[in-house]
Amino acid sequence: MDITIAMIEKKLGIKRTVLNQWNEKGFVEPSIKGKGSKSFYTKDDAYKLKVFQSLLNLNVDPKEAAIVTPKVLAIGRQNGYAIIVPETNGTKGVYPVPVTLNNPVLIRRCDAMIVVNIFDIRQGVDSLLAAD
């Protein structure tokens, strides 16, 4: 499914100007480059956008969010949850969280860590894209 910038703006609530800024800075770029300035996002791009936006909403530095977003999604595909650990005692990174964690919150701070529920983010994005 090719997703236009207009669809991302309407369905995910991310403004065109913000998308263009993220694209220009290389934070989250559309996978499908069309002729001229016409580009399209994929569903995976939409998941990246939602995770990236959520991390920014938690005051994660945009450069850091751009680095960890693909890692979070890769872990989330296998496990459903990922945890982001800030730089403390050299343990900075993105790690899987046991699936038994039962938390309806999509993304939240937990002490100094950030817990991301990829399964629910993917479901939410899928529902928004399918809605008329």
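**Close-up views of a predicted model**

**View 1. Val115 in strand 6.** Val115 is buried, its relative accessible area being 7%. The model shown in this and the other views is predicted. The residue belongs to strand 6, which covers residues 113-117. Ile83 is 32 residues away from Val115 along the chain, yet 4.5 Å separates the C-alpha atoms of the two. Strand 6 is also among the elements that give two or more residues to the largest nonpolar core, which is the subject of View 4.

**View 2. The whole chain, for orientation.** The protein has 132 residues, and buried residues make up 41% of them. Its secondary structure consists of 5 helices and 6 strands. Read from the N terminus, the order of elements is α-α-β-β-α-α-β-β-β-β-α. Of the contacts with a separation of 6 or more, 49% are between residues 24 or more positions apart. About 7,600 Å² of the protein is exposed, and carbon and sulfur atoms supply 53% of this area.

**View 3. The buried face of helix 1.** Helix 1 spans residues 5-12, and Ile5, Ile8, Lys11 and Leu12 are buried in it. Viewed down the helix axis, these buried residues fall within an arc of 145 degrees, so they line one face of helix 1. An α-helix has 3.6 residues a turn, so residues three or four places apart point the same way. What do the buried residues of helix 1 pack against? Their packing partners are helix 2, helix 3 and helix 5. Just after helix 1 comes Gly13, with a positive phi of about 75 degrees.

**View 4. The largest nonpolar core and Leu49.** This core has 31 residues, and those with the most contacts inside it are Ile8, Leu19 and Leu49. The elements that contribute two or more residues are helix 1, helix 2, helix 3, helix 4 (62-79), strand 6 and helix 5. In soluble globular proteins, nonpolar side chains tend to be buried together. Which residues does Leu49 contact, leaving aside its neighbours within four places in sequence? They are Ile8, Ile14, Leu19, Trp22, Val28 and Tyr41. Ile8 appears in View 3 as one of the buried residues of helix 1.

**View 5. Aromatic rings between helix 2 and helix 3.** The whole structure contains 2 aromatic pairs. Trp22 and Phe52 form an edge-to-face pair, with 4.8 Å from centre to centre and 80 degrees between the planes. Trp22 is in helix 2 and Phe52 in helix 3, so the pair ties together parts 30 residues apart in sequence. Trp22 is buried at 10% relative accessibility, and Phe52 is buried at 0%. Ring pairs join Trp22, Phe27 and Phe52 into a cluster.

**View 6. The two salt bridges.** A search of the whole structure finds 2 salt bridges. Side chains of opposite charge can pair when their charged atoms come close. One bridge is between Lys43 and Asp126, whose closest N and O atoms are 3.6 Å apart. This pair links distant parts of the chain, with Lys43 in helix 3 (residues 43-57), Asp126 in helix 5 (residues 118-130) and their positions 83 residues apart. Lys43 is partly exposed, with a relative accessible area of 36%, and Asp126 is partly exposed at 27%. The other bridge is between Glu9 and Arg16, with 4.0 Å between the closest N and O atoms. Are Glu9 and Arg16 buried or exposed? Glu9 is partly exposed, at 31% relative accessible area, and Arg16 is partly exposed as well, at 38%.

**View 7. Asn20 in helix 2.** Asn20 is found in helix 2, which covers residues 16-25. Asn20 counts as partly exposed because its relative accessibility is 31%, between the limits of 20% for buried and 50% for exposed. The C-alpha atoms of Asn20 and Ile5 are 9.1 Å apart, and the two residues are 15 residues apart along the chain.

**View 8. Asn59 in the loop between helix 3 and helix 4.** Asn59 lies in this loop. Asn59 is exposed, with a relative accessible area of 70%. Its phi is positive, about 65 degrees, although Asn59 is not a glycine. Most residues other than glycine have a negative phi.

Methods
Residues are numbered from 1 along each chain as its sequence is written. Side-chain values use heavy atoms; hydrogens and water are left out. Buried means under 20% relative accessible area, exposed over 50%, partly exposed in between (1.4 Å probe, protein chains only). A salt bridge is a side-chain nitrogen of Lys or Arg within 4 Å of a carboxyl oxygen of Asp or Glu. The arc is that of the directions from the helix axis to the C-beta atoms. Contact means heavy atoms within 4.5 Å. A nonpolar core is a set of buried Ala, Val, Leu, Ile, Met, Phe, Trp, Tyr and Cys residues joined through side-chain atoms within 4.5 Å. Accessible areas come from the Shrake-Rupley method with a 1.4 Å probe; for residues, only the protein chains shown count as cover. Rings of Phe, Tyr and Trp (its six-membered ring) pair if their centres lie within 6.5 Å; planes under 30 degrees apart count as stacked, over 60 as edge-to-face and the rest as tilted.
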